[in-house]
Each structure stands twice: as structure tokens, then as C-alpha cells.
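Below are my notes on the model, set out as numbered points. Please read them next to the coordinates.

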Amino acid sequence: MTELLIRATVNDAALLRRLYGLGGTCRAAAVPSRIVVDAHTPVGGSEIAAIARRAGVPLLIDPQTFYLQDRQHPEDKWAKLPFADPARMTPGDLHHPARRHAVIERSIEHQIAHGATAIIPPYVHLEKPTSEWIEVQAELWRATRRYLDGSGLALPVTAVFALGWRLLHPVQGPKALAPVLSALDMLAPAEVALATSKVGAGVKPADRLIDLILMIERLRPKYPVLAWQQGVLGQACVVAGAAGYETGIGWREKCDLQSKMTEHRRPPSGTGPGPRPVYVRALGHSVPAKTVAALHAHRTLWRDVLCTDQRCCPPAGTAMLHDARAHAVVSRALSLAHLDTIPQPVWQWHHLADQADAAVSLAEKVNRIAATDPGVCRVDLAPLTAIRTVAHHRRHDGRFRKVA
């Protein structure tokens, strides 16, 4: 079964209890396969680990050690963790055995102490083929394997492989990443979580998506692959062979680790990120809540935006607006369950192509309204058109291979 991993925040505890039927309510029609939290979330008495245990689902605690590559504000929650450092680390810092060992040991101890059911080794963001961080990542994975063997820890390992889009190039990428790929074999993880930044962006997002698919196909013969922080591109990754995808609820549906680093330079605001976006299944990602509310007046579009799946949003789609977080999770899980019922990859690509055609058409209509209605925000067409282009190409390519 294809997996949906949901990244929860400390404010999502009550939601998770409802979804898994732990609060005296019925279990939702579809639920996350696993729960993921940021490294700082369990600190201070979060209930999420206990909820995961009661629900019988695995819990991953993301150490987010790529933050070590940039300056963090001293009052940032991540910067206060035992393995963190608000100062910017250089590759030379982590080449030092004692400092590297401290990051590995403390980050793993933090995960285990807070209820993680699998270990995510420290990882860094690899942006360019010439980056010195490539060898750092290789050393981190080799040293992690030695630490795990020496400590007798037998928990499964999920290796987060964090790449910039340039390193997805099918020729230059594997050549530059050779030391990391060798170290990955030594680490021998149970799975690889592929965190690829800015894939659905740029001048040629379809080319970037194809390169991501090729990387999934390269890794898949050895390891199950998860698309990490890829809510928008998640289904395309699954059809390409990923075992599942991870996403936030409304927020954090796209992977951009470089931007996440810079966000933590500023002091915590304490005001929160604002209203949570609302997931629109027809678009495959979330849009601002004010946009959904404004589209209610446009009756021809509203029927395409509204969730009418009785398993998710009864009655008449009202839960989409009044329980948007539950809608986002259940709707995504139901979409993956439907993909599982399609037996052949070429048919899955056909389904995704039809879905992407409808999504692009809807997004273009929304954008025309946004040109005159200030209450409606434009929908980013780049990832949707990339999915459409790639899905149509792979559908026809799959038919050709089958005939040949």
C-alpha cells in the first residue's frame, strides 16, 4: 500500500486523535500511514508520540540538521536542541571527527528519547555538484553506520537524501554524488527519503520533474523511496515508483530547504504563520483560505473546488471549510488509495494526466478571476503544468514500451 506521511505540528494533536478514532469518535475513512514531526516539536510535553503509539503508527522525528549549514537565531526552537548550533557550520567543522560524532550521537539520542520508531541520521543539503558538503554527507552516513553498530541500536534507518535540483541531472548528478551513493550503501537504510528542493519551479519545471523521476528510478532497485516534503508533486512521485510521500497539512507542501534555512535567521515572531491554507483536491495542493471563501461566489468554479466526497467531507462539502485540516489529510489519503486500485503504471500515468489536465484548466480559471478580484490569489501553474507534461509523456512512453 502506498504511504502518506503527514508532518504534524504541536497544534495538531487533537486532530490526530480524531483521525485515528482515539477520542471516542469514529476513525476517519483514510488516515496517515506515519506521522512526522520537526525535531523541536516533541520538546516540552507534546502528545504526538503518545498518540502515534496508541494509534499503532510509526513516528519519525526529523532532526533537520541541514540548519547547521546556515546561521540560526539563538532563540529559535531548533537552535536550542542538544545537537544544534546557532552559528553557521562549515564543511571543515563536520570533517572534524569529534564534532561529527557529537552531532550524530546527540541527534539520534534525541529521536529515541522522544519516541521515534525509526532513526533519521544527520543530513545536509547538497546544492551543487562542486559542493564540499557532498563529502560531508558521505562521512556522516559512514560514521552513523559505525555508531549504530557500536551502540547495538536495531531501529530501522530512514536516510533523508537532501538534494538541490541541479544534482538531479541524470548524468552530472550521479557522477558528483558517487561518494554519497557509496556511503548510502554502507549505511544500508531501510528506505531513502528523497528531499529535492525547487523541483516544480524554474523556467523548465517539467525537466526538473523528469530528473526527479529518474533519480527515484535509480534508487528504487536498492531501497524503497519516499518523496520528502512533496505534497504538490507527491502523486507523480508515487506513480514513478516512490513508496509514498510526506507533506505538511496545508503548509509545507513543497520542498525548498534553502529557504527554510534563511527563515530561521530571524527571531521567532510568536504570532504564527497566519491562517492555514485549504487543500483543494482538484488542484492537488492547498490555496489560501481567503481564496476558497472568495470562490464561493463563483458558482461555476465552486463545484470544481468543493470536496463532495462523502467519505471525507459530509454533508455537501462543509467539512472542507470548517475542518480543513482533517479534509486535507483524508482527501490526500483517499487519492492515494484510489491510485493503489489502478493495477498498471501506464494506466496510473493516464489517470494522472487526466487529473493534471483538469487541474491546469481550473487553475487558469482561478487566475483569470484573480486578475480582477483582490480576494482571490493566483495559483502557481508551474508544478501543475510540469505534472501534466510529464504524465502525458510517460503515458505514451509506457504504451510504446508495452507494445515493443
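1. Gly21 sits in the loop between helix 1 (13–19) and strand 2 (34–38); helices (H or I, at least four residues) and strands (E, at least two) are DSSP runs, numbered from the N terminus. Gly21 is partly exposed, its relative accessible area being 25%. Here buried means under 20% relative accessible area, exposed over 50%, and partly exposed in between, with a 1.4 Å probe and protein chains only. Apart from neighbours within four places in sequence, Gly21 is in contact with Cys26 and Arg27; contact means heavy atoms within 4.5 Å. Between Gly21 and Ala178, 157 residues apart along the chain, the C-alpha separation is 46 Å.

2. The basis of these notes is as follows. This is a predicted model, in which local features need pLDDT of at least 70 and side-chain atom pairs count only at pLDDT 80 or more, while totals for chains, interfaces and linings use all residues. Residues are numbered from 1 along each chain as its sequence is written, and side-chain values use heavy atoms, with hydrogens and water left out.

3. On the overall fold, the protein chain contains 16 helices and ten strands. Its radius of gyration is 21 Å, close to the 22 Å that the globule rule gives for 404 residues, so the chain is as compact as a globular protein of that length. The radius is taken over C-alpha atoms, and the rule is 2.2 Å times the number of residues to the power 0.38. The C-alpha trace spans about 65 × 55 × 40 Å along its principal axes.

4. On burial and contacts, 55% of the 404 residues are buried. Of the contacts with a separation of 6 or more, 70% are between residues 24 or more positions apart.

5. On surface and charge, the accessible surface of the protein chain is about 17100 Å², and carbon and sulfur atoms account for 55% of that area. Accessible areas come from the Shrake-Rupley method with a 1.4 Å probe; for residues, only the protein chains shown count as cover. The chain has 48 positive and 36 negative charges, and their mean positions are 3 Å apart. Lys and Arg count as positive and Asp and Glu as negative, with His and the chain ends not counted; each charge is placed at NZ of Lys, CZ of Arg, CG of Asp or CD of Glu.

6. Helix 4 (residues 97–113) has 17 residues, and its first and last C-alpha atoms are 24 Å apart, close to the 24 Å expected at 1.5 Å a residue. The expected span is 1.5 Å times one less than the number of residues. Among the buried residues of helix 4 are Arg100, His110 and Gln111. The buried residues of this helix pack against strand 3 (59–62), helix 3 (91–95) and helix 5 (133–151). Gly115, which follows helix 4, has a positive phi near 95°.

7. Two residues of helix 5 deserve a look. Gln137 lies in this helix and is buried, at a relative accessible area of 1%. Not counting residues up to four places away in sequence, Gln137 touches Pro122, Tyr123, Val124, Leu126 and Val180. Trp141 is also in helix 5 and counts as buried at 0% relative accessibility. With neighbours within four places left aside, the contacts of Trp141 include Pro121, Pro122, Phe161, Val180 and Leu187. The C-alpha atoms of Trp141 and Ser46 are 29 Å apart, with their positions 95 residues apart along the chain.

8. Helix 8 (residues 205–219) has 15 residues, which should span 21 Å at 1.5 Å a residue; the end C-alpha atoms are 21 Å apart, in agreement. Its buried residues include Arg208, Asp211 and Met215. Ile216 belongs to helix 8 and is buried, with a relative accessible area of 1%. Beyond its neighbours within four places in sequence, Ile216 contacts Leu194, Val225, Cys237, Ala240, Gly241 and Ala242.

9. Which backbone angles should be checked? Most residues other than glycine have a negative phi. Gln64 is not a glycine, yet its phi is positive, about 55°. Gln64 is in the loop between strand 3 and helix 3 and is buried, with a relative accessible area of 3%. Ala188, also not a glycine, has a positive phi of about 55°. Ala188 lies in the loop between helix 7 (178–187) and strand 6 (191–197) and is partly exposed, at 45% relative accessible area.
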